[in-house]
Amino acid sequence: MKFTDGYWQLRPGLTRLRPAAVESVEAGDRELTVYAPARRIERRGDTLNQPLFTVTFSSPARGVIGVRISHHHGAAPARPAYRLNTGDQHPVKVDVGPAEARLTSGELSVVIGLDGSWDVRFEQDGRPLTNSGERSVGLITDADGNRYVHEQLALGVGETIYGLGERFGPLVKNGQIVDSWNADGGTSSEQAYKNVPFFLSSRGYGVLVDNPAMVSFEIGSEVTSRNQFSVEGEELAYYVFAGPSPKDVLRRYTALTGRPARVPAWSMGLWLSTSFTTDYTEQTTTSFVDGMAARDLPLSVFHFDCFWMRQFNWCDFVWDPVAFPDPAGMVRRLKERGLRISLWINPYIAQRSVLFEEGRRLGYLLKRPDGSVWQWDLWQAGMAIVDFSNPDATAWFRSKLQALIDIGVDCFKTDFGERIPTDVAWFDGSDPARMHNYYAQLYNAAVFGLLEENRGEGEAVLFARSATAGGQQFPVHWGGDCESTFEAMAESLRGGLSLAASGFGYWSHDIGGFEGTPDPAIFKRWVAFGLLSSHSRLHGSSSYRVPWAFDDEAVDVLRTFTKLKLSLMPYLVTAAEEAHRDGVPMMRPMILEFPDDPATAHLDRQYLLGPDLLVAPVMSADGEVSFYLPAGRWTSFLTGEVFEGSRWLTQTHGFDSVPLLVREGAVIPVGAVDDRPEYDWSEGVELRWFQPSEDRTVTLPGPDGEVAAVIELTYRNGEVRSRVIEGSCENYTVTIC
């Protein structure tokens, strides 16, 4: 949201107040409170008839500093609010001197100048990160009396900004206007399903605006040298996270907002869907599963999309009796073949659903201020929305899902949750503007929690579309509705990398695209990208995504990359555990691993899968692809060819190939099994050591986050030696690559 007309003027109808200077400071044991009037105090009379800003500095966790800028703070506490992990009783140092006040938490300090104009600086170990200057803070009043508070933090020369949720435009957010407001807008516009009011800076810090309502960001767009963020109301709260590296920032951010849950290993295998509006019955489903098995295509999860229920009845959670006359028996038969079962759901109740009247009578559906049920005809005729602010409504919704879990359903695709109206009255009195984005958190938490209660920790998984800050706790998330084009493939990747920079550990997308039918070239190129993502799903809108619907080569390509991914499970499970333990995502923008290489700043057509595998999806029919290799030697995982880094390469790849490069010195554990994701990842494992130069220690994963073995590797004069220093692993090999 812009407030100015160029440098000198405000836009018509606006007025602005700013903190002119610090009047006084109050130091507590763990916080600083600064009082700053809107004009300088020269005499006693100047204290009359003027506003006073109250700015509080505190620290909820080591290396994190919170800032709360307040004009009038007499309003009742706003609901809902992000649930943050603020119980860390870490040391906080508060100092007030004659010229400056300082609050220090770990390596991060905020320094407030006490003389002259408004001056707040953030430093890490004495290194400047960003600052709030004399023109940064503002209280805006418009012609209708609405108020907004803004902050502007310095944007340095060469500094680049990332994150702000799953955004499909340029990866670097400099110059963009981003309104943090969830929308069902597909992947080809400025709208986003997953808005996260957090950004990550290349200078080694991050910022979370602590407000689930709309936050308007002007990233070097209203003022080219400033990152501005503003909210409606009388108060603005935000947190600054120290680095020094971008990965350190994400570790601190996810510690505060919630780590990604551990995902089950089976979820990283291949998912196959019925697609959306296609015709499907039990016979169709069985033919797909049979076709995959006959063609030696390992399948882990079968997904039933919307029409597992009857039309006009979404959601009543009742199987269509014509298409699926024996759902319990069908699910049992599929599970006997080693498959997990996923079902599509949404949090809406169509008027025709048998649950509509039940929910209305019990008061479980979202209401208008006059007490009537909020309804419209967009998506489902006369649909209402489950009011998850009501604990009884949440329990009611979960009870309907429990009946499906009881017949063997393993997980749910929690679709929608973005188009949440604001002309409503929530059961718990929540502010509708704040609930618009936060609804996704309640929805996904309700379903994920039910699965966790039934399946156990580490066995729950969703396929979720909507999210806000903290949504990473309820994985997995996928990119939403994209077209079946190379351009949509590229925009999907940008969205995934943007979400990764926002603290989400896992991400997926519809292989081949969703809207339309991809031509065989697009499908085959997308297969490689999809199987080299954390989670991999074949899904479309009006056409099937079984590979034989395209051509025989598509079958071979899918087999190649599915088996490749399954053989990489020892490596991928380790990367997934890092996401769960530390908040570092599996799919990483290049800037996360190479923050000191300026050439990586804008790279949005390649990524790191885990710490050591560089992936550059081919987004052309002819197979030509250009990508950048950072410094060092890189080895093709598929061919063994070695390339020197610090340069761009252009290559041409067949459909059965993709640039998949391994960092110098990396050890990639390759499993002995390639037909399923769940196996003993240490039994018969091959440790491929690429361009060894110094000793390495390799951790092999076991189930449930356990460590199966730790192996020490040494390389001297061309000779490799290894020994197990923890756990047990008797059958392994080491290969120098």
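Analyst: Quick definition before we start: helices here are DSSP runs of H or I with at least four residues, numbered from the N terminus. Keep in mind that this is a predicted model.

User: Okay, so where is Leu462 placed relative to the helices?

Analyst: Leu462 belongs to a loop, and two numbered helices flank that loop. One is helix 6, residues 432–455, and the other is helix 7, residues 486–500. So, going by those DSSP runs, Leu462 is in the loop between helix 6 and helix 7.

User: Is Leu462 buried or exposed?

Analyst: The cut-off for buried is under 20% relative accessible area. Leu462 has a relative accessibility of 0%. Leaving out residues up to four places away in sequence, Leu462 touches several others, among them Phe412, Phe448, Leu451 and Phe474. With 0% falling under the cut-off, Leu462 counts as buried.

User: How many Å separate the C-alpha atoms of Leu462 and Leu52?

Analyst: Along the chain, these two leucines, Leu462 and Leu52, are 410 residues apart. In space, the separation between their C-alpha atoms is 47 Å.

User: Why is helix 8 described as largely enclosed?

Analyst: Helix 8 covers residues 520–531, which makes 12 residues. Its buried residues include Phe523, Trp526 and Phe529, and Lys524 and Arg525 are buried too. Helix 8 is largely enclosed by the rest of the structure because its buried residues number 11 of the 12.

User: How far does helix 10 reach from its first C-alpha to its last?

Analyst: Helix 10 runs over residues 569–582, so 14 residues at 1.5 Å each give an expected 20 Å, taking one less than the number of residues. Helix 10 is also mostly covered, with 12 of its 14 residues buried. Its actual reach is close to the expected one, at 19 Å.

User: Which residue just after helix 10 takes a positive phi?

Analyst: Helix 10 has Asp582 among its buried residues. Just after the helix, the phi is about 85°, and the residue that takes it is Gly583.

User: Zooming out, what is the radius of gyration of the chain?

Analyst: The chain has 11 helices and 43 strands. For 737 residues the globule rule gives 27 Å, and the chain comes out close to that, so it is as compact as a globular protein of that length. The radius of gyration is 27 Å.

User: And what share of the 737 residues counts as buried?

Analyst: The C-alpha atoms fill a box of roughly 90 × 75 × 45 Å along the principal axes. The chain exposes about 26,900 Å². Of the 737 residues, the buried share is 61%.

Conventions. Residues numbered from 1 in each chain as written. Predicted model: local features only at pLDDT ≥ 70, side-chain atom pairs only at ≥ 80, totals over all residues. Heavy atoms only, no water. Rg over C-alpha atoms; globule rule 2.2 N^0.38 Å. Buried < 20%, exposed > 50% of the residue type's maximum accessible area, 1.4 Å probe, protein only. Areas by Shrake-Rupley, 256 points an atom, 1.4 Å probe, with all protein chains shown as cover. Contact = heavy atoms within 4.5 Å.
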